[in-house]
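Biologist: Could you walk me through this one? I'd like to hear the reasoning behind the words you use.

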Amino acid sequence: MASQTLEIHRSSASMWGTRTGIRSLPTVAKYVDTTTCIGCKACEAACQEWNDLKRVPTSQDGSYQTMPKLQADFWNLIKFNETEIDGNFNWLMRKDQCMHCAEPGCLAACPAPGAIVQYANGIVDVNPDSCIGCGYCATGCPFDVPKFHAKTGKMAKCTLCVDRAEVGLEPACVKACPTGCLSYGTKDDMVALGILRVKQLKDSGFKDAILYDPQGVGGTSVVTVLKYNRPELYDLPADPHVSMGVKIWKQVVRPLGVIAGFLTMFAVFGHYTKYGPKEPPADEGRAA
Amino acid sequence: MTNGWVDIKNADVILAMGGNPAENHPVGFRWFMEARKTRGAKIVAVDPRFTRTAAVADMYAPIRPGTDIAFLLGIIRYAIETGRYHSDYVKIHTNAPFIVSDKFTFNDGLFSGFDDKTHQYVKDTWAYDGDPAKGGSYLLDQTLQHPRSVFQLLKQHVARYTPEIVERICGTPKAQFLKVCDIVTSTGNAQRVGTITYALGWTQHSTGVQMIRAGAMLQLLLGNVGRPGGGVNAFRGHSNIQGATDTAGNTEILPGYLKTPVGQMQTLADYYGSAVPTTLNKQAWASMNYWQNYPKFMVSLLKSLYGNASTKDNDWGYGWMPKIDGNYSWMYIYDDMYRGSSMRVGGKEPGPEGFITFGMNPVGLGPNSKKMIAALSKLKWMVVVENSEIETATFWKAPPEYGGASPAQIPTEVFMLPAANFAEKDGTFTNSARWLQWKWKALDPPGSAKSDQEIVSRIFLAVQALYKKEGGALPEQVLNVSWAYTNPVNPDLGEVLKEMNGKALADLKDPKDPTKVVKTAGQQIDGFGQLMDDGTTSCGNWLHSGVYTEAGNNAQRRNNADPTGLGMFHNWGFSWPANRRIMYNRASADANGNPWDPTRVGIKWNGEKWVGDVPDMKPDAPPGTFGAFIMLPEGVGRLFAAGLADGPFPEHYEAVEAPVPNLLHPKVTSNPVALKFASDKDSLGTADKFPIVCTTYRLTEHFHYWTKHQEAGVLNELAPGFFVEIPEALATDKGIANGSKVRVSSARGSIEGTAMVTKRLPSLNIDGKRIWQIGFPIHWGYAGAKGHTGPLANFLTASVGDPNTWTPEYKAFLVNLEKA
């Protein structure tokens with residue numbers, strides 16, 4: 001559900017959004033500390049309930065993570081990874097969801113005007129009224145997030161609970177998190193929190209702890225504290241970028257297309273003013 | 001908990017052992033994380049499995065199920081050998097200086113006084129020298145050097161538990177064990193504090209109470225009991241299980257942990273003789289002996305039970321109280337039911353013929369479900385008060401190999417009374433921190449479901465009416481009960497809480513100034529300090545007194561002001577006893593009443609009185625008057641305790657079903673006084689047939705045996721079916737693939753589940769032998785919503801248990817594993 005009140009910073013297949021510049025909104029972000037996540041899945045349940053998502057049946061196939069990956073009806077998933085690092089066994093848990101990129105690949109890839117929007121506060125959202133369900137956004141996403149919903153024929157993903165955010169509430173997952181591993185606030189505050197936690201981790205021996213806020217997509221509105229600077233251990237891409245194809249489409253082909261469109265219109269208009277309307281040959285008219 | 005949930009944030013070290021708090025207490029677990037974020041606290045998880053708690057702990061150490069005592073005594077040895085214990089604290093706040101009778105011995109796994117025939121201890125040698133009861137006074141050696149001092153005896157007792165022995169018994173690699181020792185004993189001083197948290201991973205063993213005692217002894221040695229950030233903290237299994245125990249949820253206690261009278265105590269005087277301690281420490285740090293007030297609590301309880309019928313002339317109605325003739329804890333009851341006779345009266349009496357079960361699913365949660373089902377099949381009638389059709393209510397629907405049968409073959413007539421769930425009724429939850437917090441009904445119960453109090457009241461009033469009409473055995477017991485509620489068939493729980501708090505029945509005078517009336521007749525009392533033993537007060541539970549005073553229902557208080565900054569929140573709800581947030585808090589201060597750590601003040605002496613938390617001490621008694629442990633006749637904490645059934649010191653015993661003999665004393669392998677039963681359904685397995693150690697546990701996604709009854713809802717999808725966690729190398733050995741079907745069998749039966757092959761379960765090297773352990777969660781059963789049923793974990797567990805609490809040994813038993 002798209003927000004009715006937030007101004008739109010950017011909109012898919014459009015040159016610009018609706019942002020007036022009269023009001024200013026800070027970019028919001030969610031903070032995820034994987035070192036205090038206990039994998040309780042309260043965030044998963046809260047997400048399902050708040051967003052009225054349909055129950056997705058699962059089966060026990062030999063893991064605590066019973067949902068293999070995000071679904072059109074399942075937007076928030078804790079990924080459980082058992083791994084040995086430097087001789088120490090680890091059970092890593094990481095909250096998977098839309099990262100709300102500052103430079104969203106989905107928005108760039110989307111051909112339907114206004115189907116994917118980025119609000120003034122940085123939240124990236126699908127507008128089902130405009131979505132044509134083509135799935136291009138999924139190919140544009142370096143995190144494999146948007147999913148096609150077979151029933152609605154639209155794409156679906158985490159909205160960062162934009163309906164809560166627009167009235168000043170934290171997302172449902174943050175509200176439900178029992179350990180304080182999730183926080184919500186301005187991006188600046190969340191980054192500051194992350195830097196503090198990373199420093200604590202470094203002081204307690206995790207020398208390469210990082211705050212995952214990948215700059216390849218302009219930074220994200222979900223910043224994640226990782227104990228090990230090896231994002232792949234957490235099922236995260238090490239250096240996510242919007243794919244070259246989408247970039248060429250967005251930055252070269254589309255503008256070229258727009259220019260070509262304008263040139264065509266210009267040419268048509270010029271031709272018209274110079275030569276006037278095309279007159280049918282006299283004998284053709286008669287033959288009709 | 002001696003302390004509270006929020007108080008965990010004050011700890012420097014948190015030892016999570018015998019529990020998996022991240023899994024089972026995720027909301028309270030926030031305070032673990034808070035302690036680490038704000039104080040840099042170190043969290044140590046010791047568990048057979050690498051759990052959700054271990055995943056976020058600073059350190060994890062593996063341990064073989066059931067060997068926690070060896071591990072803890074190993075830490076105690078390390079603390080004593082390295083001097084990393086809080087010696088000033090130990091000298092004034094524990095019985096370390098007390099001299100023990102030279103008749104007390106410990107040889108080859110047995111303490112003195114063991115009776116071979118009854119398999120019980122005669123405990124008279126477990127005593128101090130200098131018995132005040134015989135006019136003497138305790139002998140003390142403040143230097144702790146006397147060879148018979150508790151301290152030296154303890155040192156000698158734990159000397160065997162070297163890191164090498166711990167490794168050979170527990171399977172914990174020596175280096176890891178020493179690292180745990182180092183972190184935990186870093187709190188053995190005035191500057192630092194550590195807490196120990198545990199749950200059913202300690203309780204549910206045949207040595208469960210001694211495991212907890214070993215933890216408590218370690219905390220006493222480290223000087224951590226009574227201090228903010230310290231304590232011995234039991235995490236209870238349900239939101240109100242603490243309230244249930246406080247209110248006589250167990251067979252051996254009355255409300256407020258008063259003792260259930262037994263047969264030979266025919267008068268109150270007999271009863272007091274065994275219940276009220278008189279053997280007092282009269283020396284420096286004399287005992288305040290708070291239990292001397294026992295008669296005030298007891299008479300007030302009798303007044304609340306029997307009202308005006310309770311008078312001085314009839315011993316306040318004590319004669320009407322049921323006197324038990326033996327052990328009526330649940331494993332005994334089901335054993336009686338199954339055998340059809342009561343073992344307590346020589347096997348002559350028939351077993352129970354009827355059974356009412358309230359909010360409890362014995363077939364699911366009891367051990368050895370097959371025996372349980374056979375027991376219920378012998379009843380004439382059974383009433384199940386529940387909100388779902390649980391296994392107990394449908395016991396004949398069990399698989400045939402577990403005793404399921406056509407109703408025609410079973411004489412039991414079953415009545416199901418639909419009950420409201422917790423959100424469908426008002427009332428209090430008493431949490432693990434002893435906080436009574438009121439909750440308001442969120443919605444009406446569906447259909448004809450009724451609240452527990454209405455069901456109890458209607459049954460009681462119907463029985464009473466029958467007695468009035470037709471008479472019956474022991475009519476006074478039923479007819480004299482006071483039932484003075486505004487709406488007798490559905491009492492308002494606020495009214496019940498008022499009754500529990502207690503009130504004045506006559507004007508109460510100020511003991512210091514008899515001309516002053518502190519309470520007029522009919523007023524709610526302020527706390528148990530005002531209770532009387534002359535019939536002028538009534539009180540349903542002295543321990544909860546203070547919860548509903550003239551100021552109103554204090555369980556409803558929601559003021560989150562916290563002037564201490566330590567998370568005490570004295571105006572939030574009500575914490576028993578007396579709104580005290582940290583028990584034994586006198587021990588948070590030194591001999592002069594100064595806090596060990598001025599930044600974490602439990603209480604301190606300001607020259608006139610104790611300030612800080614509600615003092616666990618007479619508020620105006622200067623330091624040195626009384627010992628810190630006011631409920632104990634010694635007045636100090638017990639490193640040596642004569643009260644338990646299985647020894648004054650903990651000792652490593654193997655589980656009743658164990659994969660190896662006891663390394664320390666092979667002739668006494670398991671607890672010599674463990675609770676066992678001898679029916680034909682009580683078979684025990686041996687390691688040759690069942691070589692694998694198994695343990696059971698819960699999942700955060702499920703609530704006990706309830707979640708599987710939810711047709712819709714997301715929780716069942718988050719943990720959708722029964723599984724067996726199997727170490728990777730064992731799975732390879734047996735050719736078991738992750739996600740495939742496996743069969744687990746014990747001497748009681750076998751069940752099938754999905755294999756979860758994982759590195760989180762280590763293989764253990766036990767004295768040179770590779771021992772495997774597996775585990776599974778308990779949440780499934782044959783009753784439930786379509787698609788969410790599964791096998792009952794307790795088909796495999798045994799009816800054996802701890803000799804003090806009679807709690808079953810669910811956490812360590814033997815099984816075999818094969819591909820299904």
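Modeller: Start with a rule: helix angles under 35 degrees count as roughly parallel, over 145 as roughly antiparallel, 65 to 115 as roughly perpendicular and the rest as oblique. This is a predicted model, where local features need pLDDT of at least 70, side-chain atom pairs count only at pLDDT 80 or more, and totals for chains, interfaces and linings use all residues. Residues are numbered from 1 along each chain as its sequence is written, with chains lettered from A and ligands numbered from 1 in the order in which they are written.

Biologist: Why are α4(B) and α10(B) called roughly parallel?

Modeller: Helix α4 (68–82) and helix α10 (208–221) of chain B pack at about 15°, axes 9 Å apart. Angles run from 0 to 180 degrees between N-to-C directions, and under 35 degrees is the cut-off, so the pair counts as roughly parallel.

Biologist: Which residues of α4(B) and α10(B) make the contact?

Modeller: Among them are B:Leu72 and B:Ile76 of α4(B), and B:Met211 and B:Leu218 of α10(B). Contact takes C-beta atoms, placed from the backbone, within 7 Å.

Biologist: How do you know that β2 and β11 of chain A pair?

Modeller: DSSP must find at least two bridges between two strands. Strands β2 (28–33) and β11 (222–226) of chain A have four, in the parallel sense; A:Tyr31, for one, has A:Val223 as its bridge partner.

Biologist: What makes β9 and β10 of chain A edge strands?

Modeller: The open sheet runs β9-β2-β11-β10 in chain A, with mixed pairing. Both β9 and β10 have a single partner strand, so one side of each is left without a neighbour in the sheet.

Key. Helices (H or I, at least four residues) and strands (E, at least two) are DSSP runs, numbered from the N terminus. Two residues are in contact if their C-beta atoms, placed from the backbone, lie within 7 Å.
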